[in-house]
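Okay, thanks for squeezing me in. Let me put the model up and walk you through a couple of spots in it.

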Amino acid sequence: MRHAEGFLVEEHLRELESRLQGPARLKSDLLTEARHDLLDAVDAYRESGVPPTEAQRRAVAEFGSPAQLLPSWQAELAVAALRGLSLRMLAVAGVLVAAGDLTWRGSSWSAGPQPPALYRLLSASVDWIWFGELLLAVTALLVVWASARSSRPGLAVAQRAVGTALTGTLAVGIVAGGALFTWSVDMWDAALTWPPMIVGMVVVGGAYFSLTRAARVWLRATAH
């Protein structure tokens, strides 16, 4: 019965799946649990003598419509998305704050003429941006922790605020970091052949990609 007569159940689950946005693993877990609950309810109705189609209809109606289920499920997905973004940001910003200057140390141009004041300001700004991201990531994790223990409406506002700050500062950090790298290469041709710079470029590029994906997941989860 579970495989041959579950059309209404699967239709209901497909509708839920199409409207949910958030981390793929948690979304899959929610739908898997829902499928088990629905099919268990169908089995219970069947055992009491209810015809297959009617058993499914009753089970679906009893389980709840998308309008009833989606708000709480989507809120859970949004919290999980913010947690994922914050953890990635914590790791990336921590590394960049602690080791960001290692790409320059010992380079052939580090003992040469000092770069322009505006360049030095941009370099310092990039460091401060990532330090700010580090603090925002810690703040976001505290908000997530509090949200798991309380349903106060103010926490939802705090989630959106700190998530918006994280994604906004990430965008600024990517632009500033890209500008700094481009300017560095323009001033020092040797930067493109300096191994620490090459490694740093690959690592930071991968980090930007990972953070951008996490930010996109959070934005989509909070937009529904």
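**A pocket and a helix**

So, the second largest pocket holds about 450 Å³ of space. Keep in mind that this is a predicted model. Which residues sit closest to the centre of that pocket? They're A75, E76, A78, V79 and Q159, out of 24 that line the second largest pocket.

Where does the lining come from? α4 (66–99), α6 (153–187) and α7 (195–222) each put in at least two residues. α4 gives the most, with 9 residues. If you're thinking about the chemistry in there, the lining splits into 12 nonpolar, 7 polar and 5 charged residues.

Okay, on to α3. That helix runs over residues 52–63, so to speak, and has 12 residues. From first C-alpha to last, α3 reaches 16 Å, close to the 16 Å expected at 1.5 Å a residue.

Now, which residues of α3 are buried? That would be A55, Q56, A59 and V60. They sit on the same side of α3, because they cover an arc of only 130 degrees around the axis. The general picture helps here: an α-helix has 3.6 residues a turn, so residues three or four places apart point the same way.

And what do those buried residues pack against? α1 (7–19) and α2 (24–47). Flip to the face of α3 turned away from the buried side, and you find the exposed residues T53, A61 and E62.

One last detail: just after α3 comes G64, with a positive phi of about 125 degrees.

Notes
Residues are numbered from 1 along each chain as its sequence is written. This is a predicted model: local features need pLDDT of at least 70, side-chain atom pairs count only at pLDDT 80 or more; totals for chains, interfaces and linings use all residues. Side-chain values use heavy atoms; hydrogens and water are left out. Helices (H or I, at least four residues) and strands (E, at least two) are DSSP runs, numbered from the N terminus. The expected span of a helix is 1.5 Å times one less than its number of residues. Buried means under 20% relative accessible area, exposed over 50%, partly exposed in between (1.4 Å probe, protein chains only). The arc is that of the directions from the helix axis to the C-beta atoms. Contact means heavy atoms within 4.5 Å. On a 1 Å grid over the protein atoms alone, a cavity is a set of points where a 1.4 Å probe fits but cannot get out, and a pocket is an open set with protein on both sides within 12 Å along at least five of seven lines; lining residues have an atom within 4 Å of a point. Grid points are joined across faces, edges and corners, and a volume is the space filled by probe spheres set on the points. Ala, Val, Leu, Ile, Met, Phe, Trp, Tyr, Cys and Pro count as nonpolar, Asp, Glu, Lys and Arg as charged, and the others, Gly among them, as polar.
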